[in-house]
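Subject: Structure handover and notes

Hello,

The structure is below, with my notes after it. Please look through both before setting anything up.

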Amino acid sequence: MSASRLEALAYRMLGSVADAEDVVQEARLKLLKQTEAPQNEEAWLFRVVTNLALDRLREQKRRRESYPGPWLPEPLPTGAPEDVAELAEDLSMGLVLMLERLSPAERAVFVLREGFDLGFNDIGAVLDATPASCRQRYRRAKGHLADPAGGRRSSENGEEQQQMLERLLEAVASRDLDGLVKLFAEDCVAYADGGGVVSAAIIPITDPRRIAQVTMHLAQKMSGEGALDFVWRDLNGGPGILVTLDGALISTLQLDVVDGRIAHVYIVRNPEKLAHLTALLK
């Protein structure tokens, strides 16, 4: 099993690029320390990575309860390795964020079932649980994610997402507030993750006009502080934007688009979640 596929598994479990890489590295070190090689190395690594990620997720759950403001997954660079590109839909920012609503056990079962198409017997073997208990956890997970208050919503394809991002940037650049408002769905939600380190909305923003006003205000404020630039990169399996100020990365911007309107806005400003993206500016 390739490292990138294992990291994709760990990322969906943890929502953190750094933690996913750590978990995969730890699993490979455990493999090297085995006195006898596993009969099926791929299955062995899959099981170890899943359970290491599950342990780390339980620790993270406690910390995230006191996280300042909205918590968003770390943006994941994608588009290079083919095996990760095939998993792009399940690596989306929206889905990984939604998985935060599940218990660690439910999340593990859901990821293994939906992301890797494992049967419940195989999932039980990975998690050391009965197939019946895994099936029950999967049903509960599906129920949580289907909640109308925040259920999973399918985005349009990447080309339409890119077009909507372009229209958003054009509206901001021309200071067309009314035009910007029209891009957002009536139930659109904007999330900004500053991690308590940099300024960001402390609660998700709703109402299209309010989202447009905040977006316009932030863009004007930052442009007054230096040279603002936008770099297009593939993030979480779709088009995203790296926002730079005087050449330094200060934010990422990603969207979910549903029925021709922006359904969700994801802005990551926490410097700790941007550090791994600086290489993309070169």
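The notes cover conventions, confidence, the sheet, the helix packing and one residue.

Conventions

This is a predicted model, in which local features need pLDDT of at least 70 and side-chain atom pairs count only at pLDDT 80 or more, while totals for chains, interfaces and linings use all residues. Residues are numbered from 1 along each chain as its sequence is written, and side-chain values use heavy atoms, with hydrogens and water left out.

Helices (H or I, at least four residues) and strands (E, at least two) are DSSP runs, numbered from the N terminus. Contact means heavy atoms within 4.5 Å.

Confidence

The mean pLDDT (the predictor's confidence in each residue, from 0 to 100) is 89 for the protein, with 91% of its residues at 70 or more. Among the elements, helix H10 (residues 177-181) has the highest mean, 97, and helix H4 (residues 82-85) the lowest, 46. Residues 81-85 stay under 50, and the model has 7 contacts for them beyond four places in sequence. Residues 148-152 are also below 50, with 13 contacts in the model beyond near neighbours in sequence. Where pLDDT is low, the predicted coordinates should not be read in detail.

Sheet

An open sheet is formed by 6 strands in the order S2-S1-S6-S5-S4-S3, with mixed pairing; two strands pair if DSSP finds at least two bridges between them. Strands S2 (205-206) and S3 (228-235) stand at the edges with a single partner strand each, so one side of each has no neighbour in the sheet.

At one edge, S2 pairs with S1 (residues 184-193) in the antiparallel sense over 2 bridges, and valine 189 is opposite threonine 206 in S2. At the other edge, S3 and S4 are antiparallel over 8 bridges, with aspartate 229 opposite threonine 244 in S4. The hairpin of S3 and S4 has 2 residues between the strands, and asparagine 236 there takes a positive phi near 55°.

Two helices lie across the sheet. For their angles, axes are lines fitted to C-alpha atoms, for helices over the stretch in contact, and angles run from 0 to 180 degrees between N-to-C directions. Helix H9 (residues 158-173) lies across S1, S3, S4 (238-245), S5 (248-258) and S6 (261-268), at about 120° to S5. Helix H11 (residues 208-223) lies across S1, S2, S3, S4 and S5, at about 40° to S1.

Helix packing

Angles under 35 degrees count as roughly parallel, over 145 as roughly antiparallel, 65 to 115 as roughly perpendicular and the rest as oblique. A crossing is left-handed if the near helix is turned anticlockwise from the far one by less than a right angle, and right-handed if clockwise. For residue classes, Ala, Val, Leu, Ile, Met, Phe, Trp, Tyr, Cys and Pro count as nonpolar, Asp, Glu, Lys and Arg as charged, and the others, Gly among them, as polar.

- H2 (residues 17-32) and H3 (residues 41-64): the axes come within 9 Å and cross at roughly 135°, so the two helices are oblique to each other. The crossing is right-handed. Contact residues include Val23 and Leu31 of H2 and Trp44 and Leu52 of H3. By class there are 10 nonpolar, 1 polar and 7 charged residues.
- H3 and H6 (residues 104-116): the axes come within 9 Å at a crossing of roughly 135°, which makes H3 oblique to H6. H3 passes H6 in a right-handed crossing. Among the residues that meet are Phe46 and Lys61 in H3 and Pro104 and Phe116 in H6. The contact divides into 8 nonpolar, 1 polar and 4 charged residues.
- H7 (residues 120-127) and H8 (residues 131-145): the axes are 8 Å apart at about 100°, which makes H7 roughly perpendicular to H8. Phe120, Asn121, Ile123 and Gly124 of H7 make the contact with Pro131, Cys134, Arg135 and Tyr138 of H8. These are 5 nonpolar, 2 polar and 1 charged.

Lysine 61

Lysine 61 is in helix H3. Leaving aside neighbours within four places in sequence, lysine 61 is in contact with Glu100, Leu102 and Pro104. Its C-alpha atom is separated by 39 Å from that of glycine 179, 118 residues apart along the chain.

Regards
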